[in-house]
Structures are given as C-alpha cells and as structure tokens.
Amino acid sequence: MAAPDVLDGLAGHRVVSPTPELVADTVATWIATQARHAAEDHGSFSIALSGGSTPRLLNEMLAGPQWQGRIDWSTWHVYFADERACPPEDPASNYHLAMTTLLGRVPIDPAHVHRMPADWADLDAAAKDYSDLLAGSLPSGSGGAPRLDMVLLGLGENGHTASLFPGTPALEVRDRWATRGLADYEPFDRITLTYPAINAAAAVGFMVTGAAKHDALAATARGEVPASGIHPVTGTLAWFLDAAAAAE
C-alpha cells in the first residue's frame with residue numbers, strides 16, 4: 001500500500017497507475033478532455049510543457065496513432081514551463097524535445113508555439129520578454145497573472161519543479177510571470193515560469209514516475225521543497241504517479 005505520509009499529504013487529485021506507460025496514457029486522456037473543454041469554452045487551449053524523460057513518453061504517445069487524430073490541434077497554443085540556456089537545436093533544450101517528439105509531428109500552427117528565448121545572451125531580458133508575451137497573449141487570472149489553461153510539470157529528486165530550484169531567487173519572484181532560474185546541474189542557467197504564473201493556471205498536472213522520486217514526493221507533501229509551492233488559486237491540481245514513485 002502507498003505510504004500515507006506521501007499520498008495523503010499531497011494537495012489535489014491523485015491517480016496512481018502501475019507503469020509509466022499507463023501514467024502517460026492517463027495524462028493524455030486528461031489533456032484531451034481539458035483541451036476540448038477549453039476550446040468549447042473560449043475557442044482555444046493554452047498549455048505549458050515541461051522537459052524530461054516522462055514528458056517524452058507522453059509526447060510520443062500524443063503524436064502517435066492512438067491519440068493524434070483524436071485531438072483538435074488547431075486550438076492549441078503552446079508555451080513552456082522552463083527552458084535551459086542553450087540553442088533551440090541543442091538536445092538539452094526542452095523546446096527541442098517538444099519539437100522532435102510532439103510539435104513537429106502534429107498539425108499545430110507554428111505561430112502558436114511560443115519558445116522561451118533562453119539562448120539570448122541576456123537572460124534577464126529574455127525572461128522579461130517571455131513574461132510580457134504571456135501577459136499579452138493570455139487572459140488575466142488570479143492576481144493579474146496570465147491564465148494558462150494547463151501547466152504540465154515534473155518533479156526533480158531534490159523537489160524542484162519547472163526550474164524553481166531549492167534556495168534560488170526565482171522562488172521569491174511575485175511580480176513577474178517568467179524569471180531567471182538557476183539549476184544545481186548543467187546547464188545551470190535557465191528561464192522558468194514563476195509561482196504566480198503557474199498557480200494562476202486553470203489546471204496543473206504533475207507527472208512523477210520512478211522509485212527515485214519517492215523521497216521528493218514525501219518532501220513535497222511535508223511542504224519542504226519548491227514543488228510544495230504549487231497550489232492553483234482558482235484551478236485544479238492533479239498528480240499522476242506510477243506505483244514505484246508512490247511506493248506501492
């Protein structure tokens with residue numbers, strides 16, 4: 001059985017699946033439903049993507065034969081939760097991952113894909129540019145923050161999410177929607193959405209797989225790590241876990 005100090009302490013809705021593949025399929029169903037509802041409500045669907053191994057599996061599933069034809073990609077407007085300071089063609093880039101596994105394989109209007117310009121020499125200027133883009137292209141949500149329909153997040157073994165790393169200045173930013181991040185592994189320099197931008201979203205979903213993430217989940221439930229600061233103000237929060245991460 002799942003340890004109560006992990007699952008019972010996590011805010012939001014929790015879904016535990018036996019394998020990472022089933023986690024990805026569950027999240028694909030969730031995204032498709034949310035996208036359809038958003039399009040019916042206001043004619044479009046805005047989503048911020050994250051990088052990492054678990055989103056890769058999800059992206060490839062969404063672009064595959066099971067899901068691609070079941071989604072109206074014309075309504076999608078794609079943003080990013082964070083980005084590494086590297087060129088967009090660099091394999092380390094979250095944009096590169098998204099393009100090669102999903103966005104380049106489905107009929108999304110390229111004008112609807114909003115890359116974080118983390119390859120700029122001036123990352124402060126790049127973060128301000130992205131913050132202004134969010135404010136100018138999305139409706140206003142809680143506290144005046146731009147309101148994304150969905151933010152997809154992962155969880156690092158140290159409890160970071162997006163590029164909100166422990167002990168870094170990005171955790172304290174409240175008056176901007178994107179800011180510089182600083183990782184504790186290479187590439188160190190980042191751009192990341194801030195807490196206000198993430199917490200203004202209509203829906204936030206965490207994908208967490210693997211036994212190595214179990215301790216980070218426990219720390220999140222105890223309020224000890226950056227991921228603990230994700231609490232959508234007027235939106236929903238969902239955790240999609242595999243059995244290994246949930247210690248089942």
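The second largest pocket holds a volume of about 150 Å³, where a pocket is an open set of points on a 1 Å grid over the protein atoms alone, with protein on both sides within 12 Å along at least five of seven lines. Volume here is the space filled by probe spheres set on the points, which are joined across faces, edges and corners. Its lining residues (those with an atom within 4 Å of a point) include His 42, His 77, His 114, Arg 147 and Asp 149. By class, this lining has three nonpolar, six polar and two charged residues; Ala, Val, Leu, Ile, Met, Phe, Trp, Tyr, Cys and Pro count as nonpolar, Asp, Glu, Lys and Arg as charged, and the others, Gly among them, as polar. The model is a predicted one, with pLDDT of at least 70 needed for local features and 80 or more for side-chain atom pairs, while totals for chains, interfaces and linings use all residues. Residues are numbered from 1 along each chain as its sequence is written, and side-chain values use heavy atoms, with hydrogens and water left out.

The largest pocket comes to about 350 Å³. Of its 20 lining residues, Gly 51, Gly 52, Gly 154, Leu 155 and His 160 sit nearest the centre. Helix H3 gives the largest share of that lining, three residues (helices are DSSP runs of H or I with at least four residues, strands E runs of at least two, numbered from the N terminus). Five nonpolar, 10 polar and five charged residues make up the lining.

As for enclosed space, there is one cavity of 30 Å³ or more, a cavity being a set of points where a 1.4 Å probe fits but cannot get out. About 90 Å³ of space lies in it. Its lining counts 14 residues, with Leu 49, Ser 50, Pro 55, Asn 59 and Leu 152 nearest the centre. Nine of the lining residues are nonpolar, five polar and none charged.

The largest nonpolar core (buried Ala, Val, Leu, Ile, Met, Phe, Trp, Tyr and Cys joined through side-chain atoms within 4.5 Å) has 80 residues, among which Ile 31, Trp 76, Phe 80 and Leu 193 touch the most other members. Helix H2 (residues 20–42) supplies the largest share of this core, nine residues.

Two backbone oddities turn up in loops. Glu 186 and Pro 187 are joined by a cis peptide bond, omega about -15°, and Pro 187 lies between strands E6 (178–182) and E7 (189–193). Ala 162 has a positive phi near 50°. Buried means under 20% relative accessible area, exposed over 50%, partly exposed in between (1.4 Å probe, protein chains only); Ala 162, at 9%, is buried.
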